[in-house]
Amino acid sequence: MKISRRSAHSGWRTLTVLLLVLAAGIGIGTKVARHAAAVAVAPSAAPGATVAAAASPPVAGAGLLRYARDAPELASIRITPVEAVPLPALPPANAHLAYDEDVTARVSSPVAGRVVRLMVQAGDRVRRGAALAELDSPDLASAQSDLAKAKADEAHKRQSVERTRALAETETGSRKDNEAAEADLQQAVAETRRAAQRMNNLATATATATVSGSGRFVLRAPIDGVVVDRQINAGMEVRPDLANPLFVITDTAKLWALADVSETALNAVHAGQPVELEVDAWPGQRFAGVVRHVGAALDAASRRLQVRCEIANADGRLRAEMFSRVAFLSDTEATAIRVPNGSLVLNGMQNFVIVEQEPGVFARRPVQLRWSGSDTSYLSAGLHAGERIVSEGALLLASEFPAHAE
């Protein structure tokens, strides 16, 4: 039996129609099932209650981002109010901290000897005249012996002068003998003065050291301060020509910050200028100081000028040899808004910050940079003191803004 071509074509068309009807029925059934599931879940929520999503998408409109107050995205950002601060005259310059040499003393032994006893440790606070170490010095014993001999010889020569003078007055002795005795006395006086001066060099008026019998020698602190370094141990042999001092004592309430600036900054730096110092050990904190000295010449290798600043360190948080950054403040009353660098978002050639309009509502605002440092930047326009900006997580939040948001 033969089937015509027209009948076969009609059968395929009927099969296609049946398949399309079946697919439409499956789609309608899926929608109905979803609707039924939503209806089944809805009664479990209290009337008027809002069900928070695990990550609720922000609502963007009119250049703003809006989040629910309890949105989990807000936990990953940090809001910081900005403040107006004195405008720096220069970008922050790298510096390192050092002891203030005006209140620092390096104590060495003026004679050779052996350390018998130590009285202080590194880190101890001492007063002027406090005993640091006791030494036994053969050279000192020799100096003491020389002084005693000189005094005895001077006393003997003085008696001889008095005796010959009395004989000369009674004409029982010659005037020549009296003159010779007086010359010997003058030599004895000079020798006594020399021996006494040597002893005075060991026991100076600044209380560097005091001496006792048997060649014992006590080193003493010449100033008030903290023993920040000790290069001496019990039994150690010391000499006046040692490369390093035995003790370093300084007042840690003041430090020097030694900064190097380019020669183009000479017109913006001068003695008496206020400065602010930042260190990595205390992020976000600033220490006040003042410029004390501007170098007289540039370094031949680096072509930079050293500027010495005095930094207050009453609480002792700063340490010598710390690396730091010094901002030279302007002498005028000009101010600028200081923001952390983590709050800045670069879009093309324009910098932006994310401003919190109200809790959960954010706007993107363009700003203009004046100076930019390693941690903070100073703005010349775009923000006002007291406004709250996103200081952490700004880059992630900025990606949620629509491309046309301003």
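What separates Arg194 and Glu191 in helix 3? In the predicted model, these two residues lie 3 positions apart within helix 3, which spans residues 175–202, and are therefore separated by about one helical turn. Their side chains form a salt bridge in which the closest N and O atoms are 2.5 Å apart. Both partners are partly accessible: Arg194 has a relative accessible area of 40% and is partly exposed, while Glu191 falls into the partly exposed class at 34%. Beyond this helical pair, salt bridges with shared partners connect Glu278, Asp280, Arg286 and Arg325 in one network. In total, the model contains 19 salt bridges.

Salt bridges also link parts of the chain that are distant in sequence. Glu83 and Arg338 form one such bridge, with a distance of 3.4 Å between the closest N and O atoms. This pair joins strand 4 (residues 83–86), which contains Glu83, to strand 20 (residues 335–340), which contains Arg338, across a separation of 255 residues. The accessibility of the two partners falls into separate classes. Glu83 is partly exposed, with a relative accessible area of 44%. Arg338, by contrast, has a relative accessibility of 11% and counts as buried, because this value lies under the 20% cut-off.

A further salt bridge is formed by the side chains of Arg127 and Asp224, with an N to O distance of 3.6 Å. Arg127 is located in the loop between strand 8 (125–126) and strand 9 (131–136), and Asp224 in the loop between strand 11 (216–220) and strand 12 (225–230); the bridge therefore ties together parts that are 97 residues apart in sequence. Arg127 is exposed, with a relative accessible area of 60%, whereas Asp224 is partly exposed at 36%.

Strands 8 and 12, which border the loops of this last pair, also belong to a sheet. This open sheet consists of 4 strands in the order 6-14-12-8, with antiparallel pairing. Its edges are formed by strand 6 (104–107) and strand 8, each of which pairs on one side only. Strand 6 is joined to strand 14 (residues 247–250) by 4 bridges in the antiparallel sense. Within this pairing, Thr104 has Thr250 of strand 14 as its bridge partner.

Conventions
Residues numbered from 1 in each chain as written. Predicted model: local features only at pLDDT ≥ 70, side-chain atom pairs only at ≥ 80, totals over all residues. Heavy atoms only, no water. Salt bridge = Lys/Arg side-chain N within 4 Å of Asp/Glu carboxyl O. Buried < 20%, exposed > 50% of the residue type's maximum accessible area, 1.4 Å probe, protein only. Pairing = 2+ DSSP bridges.
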